[in-house]
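Notebook open, model loaded. I want to look at the ligand site, then at a few single residues.

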Amino acid sequence: MNIEVKVGDITIEPVGAIVNAANSSLLGGGGVDGAIHRTAGPQLLAECRKIGGCPTGSACITKAYKLPADYVIHTVGPIWHGGSLDEAGQLRSCYDECLKLADQYGLKSIAFPAISCGVYGYPHAAAVAIAVNAVKTFLTQCSEEIKIIFVCYKPEMADLYRKQLNLK
Ligand code: AR6
């Protein structure tokens with residue numbers, strides 16, 4: 001499987017697209033969203049403003065401006081409310097929609113942060129299981145070679161991905 005797990009800052013990844021864990025306004029925020037907008041520069045916010053928003057579970061693509069990636073795929077993860085509001089379905093949809101865009105744009109690599117695992121409060125192990133399942137399903141169905149990188153800010157999160165992927 002063409003899947004890698006890394007600890008670090010997603011904004012330095014020179015990939016086809018980095019995924020942004022955005023909010024539905026697409027107008028920036030804290031966490032990985034703040035880091036991406038800070039590094040990309042104000043043109044990213046201007047392009048996001050034109051898009052006008054993105055519903056939870058959906059994704060949209062922009063240029064990456066000063067980032068080393070070619071594109072940013074913005075997706076809006078669910079806020080965790082205890083699990084009865086289809087948070088799992090919405091999180092799965094985030095991964096599926098991002099991967100669909102990567103495929104449509106013919107990207108060779110895509111880097112994901114742990115969507116919804118910061119201020120949105122999704123339980124980490126459950127979120128990691130959804131991320132890994134979505135990516136594995138995509139890779140078995142996809143005809144093109146595409147590399148998937150899970151970039152984790154914290155080593156504990158990387159351990160969860162490695163465990164889910166049966167990597168050492
Ligand atoms: N590189 C990789 N991962 C990161 C980075 C980074 N530079 N910075 C943080 N993380 P969060 P969410 C990890 O809160 O839960 C924003 O304000 C972080 O440790 O960024 O989906 C948006 O505007 C965590 O594991 O996203 C929304 O309002 C993961 O990225 C809201 O937060 C996601 O944490 C979205 O919340």
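Which atom of the ligand does a backbone N or O atom of S116 lie 2.8 Å from? I looked it up, and the partner is an oxygen atom of the ligand. That fits a polar contact, a pair of N or O atoms within 3.5 Å (within protein, one must be able to donate a hydrogen and the other to accept it, and residues adjacent in sequence count only if both atoms are side-chain atoms).

Before going on, I note that this is a predicted model: local features need pLDDT of at least 70, side-chain atom pairs count only at pLDDT 80 or more, and totals for chains, interfaces and linings use all residues. Residues are numbered from 1 along each chain as its sequence is written, and side-chain values use heavy atoms, with hydrogens and water left out.

**Ligand contacts.** I also checked C117, where a backbone N or O atom lies 3.5 Å from an oxygen atom of the ligand. At I10, a polar backbone atom is 3.0 Å from a nitrogen atom of the ligand. On its own the ligand has 700 Å² of accessible area, and the protein covers 90% of that (Shrake-Rupley method, 1.4 Å probe).

**Shell.** I find 21 residues surrounding the ligand, taking a residue as near if one of its heavy atoms lies within 4 Å. The closest are N23, G30, D33, S116 and G118. By type, the shell has 11 nonpolar, 8 polar and 2 charged residues; here Gly counts as polar, while Cys and Pro count as nonpolar.

Which element gives the largest share of the shell? It is α1, with 4 residues. Both β2 (17-22) and α1 (31-40) supply at least two shell residues each. Helices here are DSSP runs of H or I, at least four residues, and strands are runs of E, at least two.

**N20.** I went to strand β2 for N20. Is N20 buried or exposed? N20 is buried, because its relative accessible area is 0% (buried is under 20%, exposed over 50%, partly exposed in between; 1.4 Å probe, protein chains only). The N20 side chain makes a polar contact of 2.7 Å with the side chain of D33, and D33 is also among the residues closest to the ligand.

**Two loop residues.** P14 is in the loop between β1 (3-7) and β2, and P14 counts as exposed because its relative accessibility is 63%. S143 lies in the loop between α4 (124-141) and β6 (147-152), and is exposed at 71%. I also logged S143 and D103: they are 40 residues apart along the chain, with C-alpha atoms separated by 9.4 Å.
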